[in-house]
Amino acid sequence: MLRYLSAGESHGPSLTVVVDGVPAGLELVATEHIDPWLRRRQGGYGRGQRMVIESDTATLLGGVRAGRTTGAPIAIAVANRDNANWREVMDPLPGNEPRKRALTEPRPGHADLPGGIKYGHKDLRDVLERASARETASRVAAGAVALRLLEVAGIEGCARVISLGGIPCDGGMDWSRVAELDESPLRTFDREAEERIMARIDEAKEQGDTLGGVVEARFRNVPVGLGSYTQWDRKLDGRLAQAVMSVPAMKACEIGDGWRASGLPGSEVHDAIVGREGGRYLRATNRAGGLEGGVTNGEDVVVRAAMKPIATLMRPLPTVDVVTHGPADAARERSDVTAVPAASIVVLAMAALVLADALLEKFGGDTVRELQERVRAHREYVADY
Ligand code: EPS
């Protein structure tokens with residue numbers, strides 16, 4: 001129902017995003033609804049020099065008139081300011097060969113080597129320019145549109161960091177404090193752990209190293225019944241996992257208690273249904289992360305993802321040069337020490353695209369008004385069930 005595609009390189013002129021399938025009549029103003037998410041993605045302690053150069057904003061190139069979506073595909077451009085310093089290197093016209101800043105020492109953990117072999121490149125810049133996590137700015141621009149659609153259906157999303165560099169900072173979830181996450185340099189409620197983690201980031205930076213972590217995307221007030229248990233590819237947990245695992249550097253994904261649940265008896269895993277009050281079935285816990293049988297059950301949808309440390313190390317790992325075949329140090333330019341806080345926003349964006357897709361699948365609607373009416377009617381039905 002909702003499709004999203006992007007194009008563009010890290011140091012090219014722009015990232016281009018197309019979001020198709022958004023109903024007509026959605027109030028959408030780039031500065032109000034997209035740019036704040038782009039800003040959040042740029043933030044976080046441990047980011048590198050590139051984020052000083054960029055100041056991401058979205059330009060709407062199609063699908064929106066007078067502040068409202070028309071039902072046509074939405075086209076968004078996010079310019080790369082750094083392109084001004086890379087014109088010759090990135091020029092699509094032939095000439096200037098061999099290109100400056102060619103890269104032949106693949107970084108272990110990046111797409112460089114398998115990508116180079118796959119597409120036949122010896123200048124690995126042809127791989128890394130697209131494999132760069134710069135691309136995640138497109139995901140956030142698209143995800144911001146999805147979050148806006150969820151918002152008008154009464155669904156709220158939140159992104160936070162659960163641990164970084166091996167130091168836990170969960171601090172519990174509190175929807176009334178979500179605005180505070182924007183004030184935290186690590187997007188956490190746990191201010192005490194924050195100090196220790198920032199010291200760990202400083203240490204890693206001094207050592208020329210990088211750090212990973214765990215992030216969480218969470219949604220509340222999600223209607224019961226998104227996704228389906230009837231066919232493998234309609235299960236919402238599977239769809240969420242696919243989207244979240246496609247974010248660069250993600251190596252694991254869990255819904256609710258995930259990995260932890262695997263080691264506990266069922267009596268300590270499943271969420272007892274303890275009563276019915278105010279038009280809803282009450283649960284003692286939400287260890288299932290809002291999904292049973294691949295279907296939303298009305299509790300918070302909770303998706304977590306584990307991010308490995310960034311592959312560009314200032315103190316590089318050994319590698320082999322793809323031209324000389326001799327030993328070399330892996331390539332390094334600039335890099336973030338960690339981008340875990342930023343990744344929480346990207347994971348939220350991807351999860352939001354999946355939820356918005358499932359919302360449109362259940363309720364359809366060429367217009368936002370139809371969608372809202374159907375969601376309202378469904379919530380009434382659930383309150384009576
Ligand atoms: C990245 C390397 C760095 C990061 C970049 C991802 O860029 P550069 O090589 O220009 O210093 O800053 O992330 C972004 C640009 C971004 O917007 O998040 C990489 O190799 O993946």
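Here is a short chat about the ligand and the pockets in this predicted model.

Colleague: Ground rules before we start?

Modeller: Residues are numbered from 1 along each chain as its sequence is written, and side-chain values use heavy atoms, with hydrogens and water left out. The model is predicted, so local features need pLDDT of at least 70 and side-chain atom pairs pLDDT 80 or more, while totals for chains, interfaces and linings use all residues.

Colleague: What makes the ligand's link to Arg-134 a polar contact?

Modeller: A polar contact here is a pair of N or O atoms within 3.5 Å. A ligand oxygen is 2.9 Å from an N or O atom in the Arg-134 side chain, so that pair falls within the 3.5 Å limit. Ala-133 offers a polar backbone atom at 3.0 Å from a ligand oxygen, and the side chain of His-110 has an N or O atom at 3.4 Å from one.

Colleague: How much of the ligand does the protein bury?

Modeller: Alone, the ligand exposes 470 Å², and the protein buries 93% of that (Shrake-Rupley method, 1.4 Å probe).

Colleague: Why are 8 residues of the shell around the ligand called charged?

Modeller: Because Asp, Glu, Lys and Arg count as charged. The shell also has 2 nonpolar residues (Ala, Val, Leu, Ile, Met, Phe, Trp, Tyr, Cys and Pro) and 3 polar ones (the others, Gly among them).

Colleague: What makes α11 stand out in the lining of the second largest pocket?

Modeller: α11 gives the most to that lining, with 5 residues. It spans 368–384, and a helix is a DSSP run (H or I) of at least four residues, so α11 qualifies.

Key
Polar contact = N/O pair within 3.5 Å; in protein donor to acceptor, adjacent residues only side chain to side chain. Helix = DSSP H or I, 4+ residues; strand = E, 2+ residues; numbered from the N terminus.
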